[in-house]
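Reader: I would like a close look at a single part of this model, taken slowly and with the reasoning spelled out. Please begin with the point I ask about below and then carry on from there.

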Amino acid sequence: MLPRFLKPTLTVAQHGAKQLSTSARRDIKVAVMGASGGIGQPLSLLLKQSPLVSELSLYDIVNTPGVAADLSHMNTPAKVKAFTGPNELKDSVKGVEVVIIPAGVPRKPGMTRDDLFNTNASIVRDLVQAVAEMSPKALIAIISNPVNSTVPIACEVLQKAGVFDPKRVFGVTTLDVVRANTFIAEAKGLSPQSTSVPVIGGHSGITIIPLISQCIPPVSIPQDQVKALTGRIQEAGTEVVKAKAGTGSATLSMAYAGARFGVSLIRALNGESGIIECAYVKSDVTEAKYFSTPILLGKEGVAKNLGLGKLNEYERTLVQNAIPELKKNIQKGEDFVNKKK
């Protein structure tokens, strides 16, 4: 049985999404960049299960043929093709409509997302450059950390290539939403699949801002517990890194969240209405150039930025505290691309 969010007729009930008929679907080619890694493999597995994906283009610097061969034995519609190494990079993204980028090194105990910057920044820059040349109209979903900086890197690369469209580039913050839904549902005895909590801001530490006041269904939680839940959501990635004791980071839950976001993009490309996901995008909602908010998705990517909604005093303070950190992260990403060689 397919995970619920992978079913092609999934609706987002609270936003009035319409079901997508089989006849309305078209072939969608998806590229996973970093497909042999800890996130890339389970992400590719989940995407292979979706009948909305016609072809999976898997790219990595090693081991991609084995991953592709393994997945190709699954009796689901998507065809799987493997691409390995820099010489095959451009071919891997030729003609794709959705590019999902989990490539990069994972966090280890004691590492911050910022520690990953130099390695992952270079990886994202080079992958997005290939997309700019081969599939400039593709929707790009970036998982590689630090997302607060890698998304600005991607946008600067596209800008330099003359193909930047702010509606088509997304930082995947869906894992923060998934965690918020899970933790708050556990705290209130609700179904996590029926709980929806917007998470705004960015994708690290204090920039992760769960809007518990906007939870659907509405919940009543004492302020001290709100602070505790907020802290846990902000540090949930570290919780996993510590629990894995040096063997990895949040790969499985991130793959789940990445597949959910990827399938939402595909559903929107197919013309399904009412698809809403939180994502870190180019934004004028706050003083920060990039900011995660609920986004109405459409055939061109961002159909409408739904903004912050009504914040309470505590949430407004969280936003104010996050802005300086976000600005610093964004500047670091832009400087990486624009530095003099």
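Is C278 buried or exposed?

Author: This is a predicted model, and in it C278 is buried, with a relative accessible area of 8%. C215 is buried as well, at a relative accessible area of 4%. The sulfur of C215 has its closest cysteine sulfur in C278, but the distance is 12 Å, which is too far for a bond. Since a disulfide requires a pair of cysteine sulfur atoms within 2.5 Å, C278 is in no disulfide, the nearest cysteine sulfur being that of C215 at 12 Å. By this rule, the count of disulfides is zero.

From the cysteines we can turn to the strands, beginning with S57, whose place is in strand β2, residues 55–60. S57 counts as buried because its relative accessibility is 0%, and the cut-off for that term is under 20% relative accessible area. The side chain of this serine has a polar atom that lies 2.5 Å from the backbone oxygen of S92. Leaving aside neighbours within four places in sequence, the residues in contact with S57 are K29, V30, A31, V32, K81, F83, S92 and V96.

One of those contacts, A31, deserves a description of its own. A31 sits in strand β1, which spans residues 29–33, and A31 is likewise buried, with a relative accessible area of 0%. When neighbours within four places in sequence are again set aside, A31 is in contact with S57, S92, V93, V96, V98, V99 and I100, so that S92 and V96 appear in the contact list of S57 and also in that of A31. As for a residue far along the chain, A31 and G333 are 302 residues apart in sequence, and their C-alpha atoms are 23 Å apart in space.

Strand β2 also takes part in covering a helix, namely α2. In α2, residues 64–72, the buried residues include T64, V67, A68 and L71. They are on the same side of α2, because they cover an arc of only 95 degrees around the axis. The general background is that an α-helix has 3.6 residues a turn, so residues three or four places apart point the same way. What covers the buried residues of α2 includes helix α1, at 40–49, together with β2 and β3, the latter at 79–84.

Definitions and conventions
Residues numbered from 1 in each chain as written. Predicted model: local features only at pLDDT ≥ 70, side-chain atom pairs only at ≥ 80, totals over all residues. Heavy atoms only, no water. Helix = DSSP H or I, 4+ residues; strand = E, 2+ residues; numbered from the N terminus. Buried < 20%, exposed > 50% of the residue type's maximum accessible area, 1.4 Å probe, protein only. Polar contact = N/O pair within 3.5 Å; in protein donor to acceptor, adjacent residues only side chain to side chain. Contact = heavy atoms within 4.5 Å. Arc of directions from axis to C-beta.
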